[in-house]
Amino acid sequence: MDIYSKYKLKSIRFMGRETTLLNPIIAKREIDTFNSKMSGKPNTNHFKDWPLCEECGVPMNFILQLYKKDFPNFHFPDNKNLFQIFSCRNFDCPHYDTGYYSGLKLHYYFFHEEFGEKKEILQPEIDTNANLQNPFPELFFLPRKQFETSGFIPDFIFEDILEQTNREEREEKIMEFLPKIQTKIFGYEHFLHNVDESVNIDEISNSEPKQFVLQIVSHEMYKHKHHIGDLSQWVPYSNLPLYNTYIYQEINNRYNFHSYIEYS
Ligand SMILES: [Zn+2]
C-alpha cells in the first residue's frame, strides 16, 4: 500500500471528510441548461421573469446550478432536484460592502425540474449606465472526489509523514490534509484554516447547528486547454486577496451564505 492510501484510510477513519472539487473548465460551446454548470445560460423554466436583486432591483448574474442527477449527494430539500445561485451585479447596491458578510447579495433557489420541454430561456435586461459586474465565462465541471481534514493531523500520521517523506514531499503530503481552497461541495470550509481576524468564527459556528455544503472560491483556477485563469474578478467580485463564499444548511433546511475576506 502506498503512503497516500495509508494516510487516506487513516484520515477517513479518524476525521476525514469527502469533498467534491467541482473543477470548473471553460466551455467551448454553449452548455445545455439541463446541465450543472457555472455562468452561461441557466435553467429559467421556473421563473416568470429574470430574477432581480431584492435590495436594488437590478437583474442578477447567474452564478451556478447543480442538478441532483449530477450531484446526488448534495442536499436537495423535499422533491427538489435543481439548485441555483444568482448574485446581485450592482456595485452600487445598498447591500454591497456591509461588514464581513460583505459582497454582492447572493440568492439561492431550489426547484423541481421535470426535464421535459424547455420554455424560452429568459435573458436579463441590462442597464448599461449602471456600475455592474460582468458575467464570467461559462464553465462546466469535471468533479473530483477527495478526502480532507479540518487541518488537524494526528501525531501518528504526522510521524509517518516525517519518516516516509523527504523535505519536498512533506509539504505536499501535509497539504492533502488541509481544507482545499477550491470550489467544492462538502468537506471542510477553508476559513477554518486561514481567516481574516475580523471574522467572528464563533458567531458563525456556534449559533445554530449547520452543515457546510458549498464553497465558492474567488481565486478558483479554471482550466482552458493550456491556459489557466482565475475567477477572482467575478465570483463573487472583489479586488481583495481572497474572497470566498460559504453556503451552510441549517437544521430547518434553510440555507445561508457567508462571504469572507481571507488573506493567504
Ligand atoms: Zn443588489
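In which sense do strand β4 and β5 pair, and over how many bridges? Please keep that question in mind while you look at the structure, which is a predicted model. The answer is that β4, residues 61–67, pairs with β5 in the antiparallel sense, and six bridges hold that pairing. If you would like one position to find by eye, take Q65, which stands opposite Q84 in β5.

Let me now turn to the other neighbour of β5. Strand β6, residues 106–111, is also joined to β5 by six bridges, and these two strands run antiparallel. Here a useful position to find is S87, whose bridge partner in β6 is L106.

How covered is β5 itself, then, and how many of its residues are buried? The strand spans residues 82–87, and six of its six residues are buried. In a regular strand the side chains alternate between the two faces of the sheet. In β5, L82, Q84 and F86 lie on one side, while F83, I85 and S87 lie on the other, and both of these faces are covered.

That brings me to the core. In soluble globular proteins, nonpolar side chains tend to be buried together. The largest nonpolar core in this chain has 29 residues, and the residues with the most contacts inside it are I63 and C88. Two or more residues are given to this core by each of β4, β5, β7 (139–141) and β10 (210–217), with the largest share, five residues, coming from β4. As for C88, once we leave aside its neighbours within four places in sequence, its contacts include C53, C56, C93 and H95.

Stepping back to the whole chain, we find four helices and 14 strands, and buried residues make up 31% of its 264 residues. Among the contacts between residues at least 6 apart in sequence, 72% join residues at least 24 apart.

Finally, I would like to point out two backbone positions in loops. N23, in the loop between β1 (17–21) and β2 (24–26), has a phi near 55°, a positive value in a residue other than glycine. F115, in the loop between β6 and β7, likewise is not a glycine and has a positive phi of about 55°.

Is F115 buried or exposed? F115 is exposed, because only 12 or fewer other C-beta atoms within 10 Å are allowed for that label, and F115 has 12. N23, by contrast, has 18 other C-beta atoms within 10 Å and is therefore partly exposed.

Notes. Residues are numbered from 1 along each chain as its sequence is written. This is a predicted model: local features need pLDDT of at least 70, side-chain atom pairs count only at pLDDT 80 or more; totals for chains, interfaces and linings use all residues. A residue is buried if 20 or more other C-beta atoms lie within 10 Å of its own, exposed if 12 or fewer, and partly exposed in between; C-beta atoms are placed from the backbone. Two strands pair if DSSP finds at least two bridges between them. Two residues are in contact if their C-beta atoms, placed from the backbone, lie within 7 Å. A nonpolar core is a set of buried Ala, Val, Leu, Ile, Met, Phe, Trp, Tyr and Cys residues joined through C-beta atoms within 7 Å.
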